[in-house]
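Open the model in your viewer and keep the selection panel at hand. Each stop below says what to select and what is there.

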2 protein chains.
Amino acid sequence: MNLLSQRWIGLIIYQLLSGPQRFCHIEAAIGVSGKVLSERLKDLENEGIVERNIYPETPVRIEYSLTEKGLAFESILRDIEHWSQSWLEA
Amino acid sequence: MNLLSQRWIGLIIYQLLSGPQRFCHIEAAIGVSGKVLSERLKDLENEGIVERNIYPETPVRIEYSLTEKGLAFESILRDIEHWSQSWLEA
DNA sequence: ATCAGTCAGTTACTTTATGTAACCTATTAT
DNA sequence: ATAATAGGTTACATAAAGTAACTGACTGAT
């Protein structure tokens, strides 16, 4: 709960459910500042929820993806989605 | 999501799942400051998730409880609980 | 009548978190 | 050499949260 009630955590995981993504892409998609995204991704990596993969291409590409632990979050987020659809019509 | 990622919202709803409760009780149970609890309860009331019931006893008793919309949150919170138990053993 | 106690908050002030925009480092292309 | 791109970080400003003291309505005891 302390995890989810941190701002952006839910949206970041939700965003990553659609597949591995790079820093800039996540930033643009959910509208979080680079500073906070950087902090959150480090936290999520330490929690073992997110993985950081470096592809030494040119230019370098770094992708963030969910681990098994992170993927297990999906049902929670689908549930939230479902609740929203049922109750936030107004 | 913007709702749940506000600090304390999840814990307040979780706490209210165990039944109607008064201000002081919620405050003590989850360790939120009176100031923020007051704000959050107002927000939740405006969202139609929480109800405020006044019992003009002596001294006055005011209880907060979940509406139908709020009770529909239960499955989300149970899911989070379940996830925690599965993954936060370490 | 006055003092202390309870409940449900509010207010003033401090600390922490977040946002903004500029900057840094490494690599490659021109 | 200069500029562009990716992936951040830093310094500074604003917003949110914590703390502790206070208000206001009521009651019960002195």
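The tour goes from one chain to the pair, and then to the two DNA strands.

**Before you start**

This is a predicted model: local features need pLDDT of at least 70, side-chain atom pairs count only at pLDDT 80 or more, and totals for chains, interfaces and linings use all residues. Residues are numbered from 1 along each chain as its sequence is written, chains are lettered from A and ligands numbered from 1 in the order in which they are written, and side-chain values use heavy atoms, with hydrogens and water left out.

**Stop 1: chain A as a whole**

Select chain A and show it as a cartoon. Its secondary structure comes to 5 helices and 3 strands. Helices (H or I, at least four residues) and strands (E, at least two) are DSSP runs, numbered from the N terminus. Follow the chain from that end: the elements run α-β-α-α-β-β-α-α. The C-alpha atoms fill a box of roughly 50 × 25 × 20 Å along the principal axes.

Now colour by accessibility. Of the 90 residues in chain A, 39% are buried. Buried means under 20% relative accessible area, exposed over 50%, and partly exposed in between (1.4 Å probe, protein chains only). Contacts (heavy atoms within 4.5 Å) come next. Among those in chain A with a separation of 6 or more, 47% join residues 24 or more positions apart.

**Stop 2: the sheets**

Select the strands of chain A. In what order do the 3 strands of the open sheet stand? The order is 1-3-2, with antiparallel pairing. Strand 1 (21-22) and strand 2 (50-55) are at the edges, each with a single partner strand, so one side of each has no neighbour in the sheet. Two strands pair if DSSP finds at least two bridges between them. Strands 2 and 3 of chain A are joined by 6 bridges. Pick A:V50 to see one pairing: its bridge partner in strand 3 is A:L66.

Switch to chain B. Here too, 3 strands form an open antiparallel sheet in the order 1-3-2. Strand 1 (21-22) and strand 2 (50-55) of chain B are the edge strands, pairing on one side only. Strands 1 and 3 of chain B pair over 2 bridges. Select B:Q21 and look across to strand 3: B:Y64 stands opposite.

**Stop 3: the pair**

Show chains A and B together. A rotation of 180 degrees, with 0.0 Å of shift along its axis, superposes chain A on chain B (RMSD 0.0 Å). The superposition is by least squares on the C-alpha atoms of residues with pLDDT of at least 70 in both copies. This is the relation of a two-fold axis. Select A:S5 to find the axis: in chain A, its C-alpha is the nearest, 2.3 Å away. The copies meet through the same surface, because 100% of the interface residues of chain A are also interface residues in chain B.

**Stop 4: DNA strand C**

Select DNA strand C and the residues near it, meaning those with a heavy atom within 4 Å. There are 19, and the closest are A:K35, A:T58, B:S38, B:R52 and B:Y64. Sugar and phosphate make up 76% of the strand C atoms that come within 4 Å of the protein. The surface residues divide into 8 nonpolar, 3 polar and 8 charged.

Zoom in on the polar contacts (here, pairs of N or O atoms within 3.5 Å). A polar side-chain atom of A:K35 lies 2.7 Å from a base oxygen. The side chain of B:S38 has an N or O atom 2.7 Å from a phosphate oxygen.

Stay with strand C and centre on A:R40. A polar atom of its side chain is 2.8 Å from a phosphate oxygen. A:R40 belongs to helix 3 (residues 34-46) of chain A. Is A:R40 buried or exposed? A:R40 counts as buried, because its relative accessibility is 11%. Beyond its neighbours within four places in sequence, A:R40 contacts A:Q6, A:R7, A:I9 and A:I12.

**Stop 5: DNA strand D**

Finish at DNA strand D. Of the 19 residues around it, A:S38, A:R52, A:Y64, B:R40 and B:T58 come nearest. Sugar and phosphate account for 74% of the strand D atoms within 4 Å of the protein.

Pick A:S38: a side-chain N or O atom is 2.5 Å from a phosphate oxygen. Next, B:R40: a polar side-chain atom lies 2.7 Å from a phosphate oxygen. Last, A:V60: a backbone N or O atom lies 3.4 Å from a sugar or linking oxygen.

Terms used: A polar contact is a pair of N or O atoms within 3.5 Å; within protein, one must be able to donate a hydrogen and the other to accept it, and residues adjacent in sequence count only if both atoms are side-chain atoms. Ala, Val, Leu, Ile, Met, Phe, Trp, Tyr, Cys and Pro count as nonpolar, Asp, Glu, Lys and Arg as charged, and the others, Gly among them, as polar.
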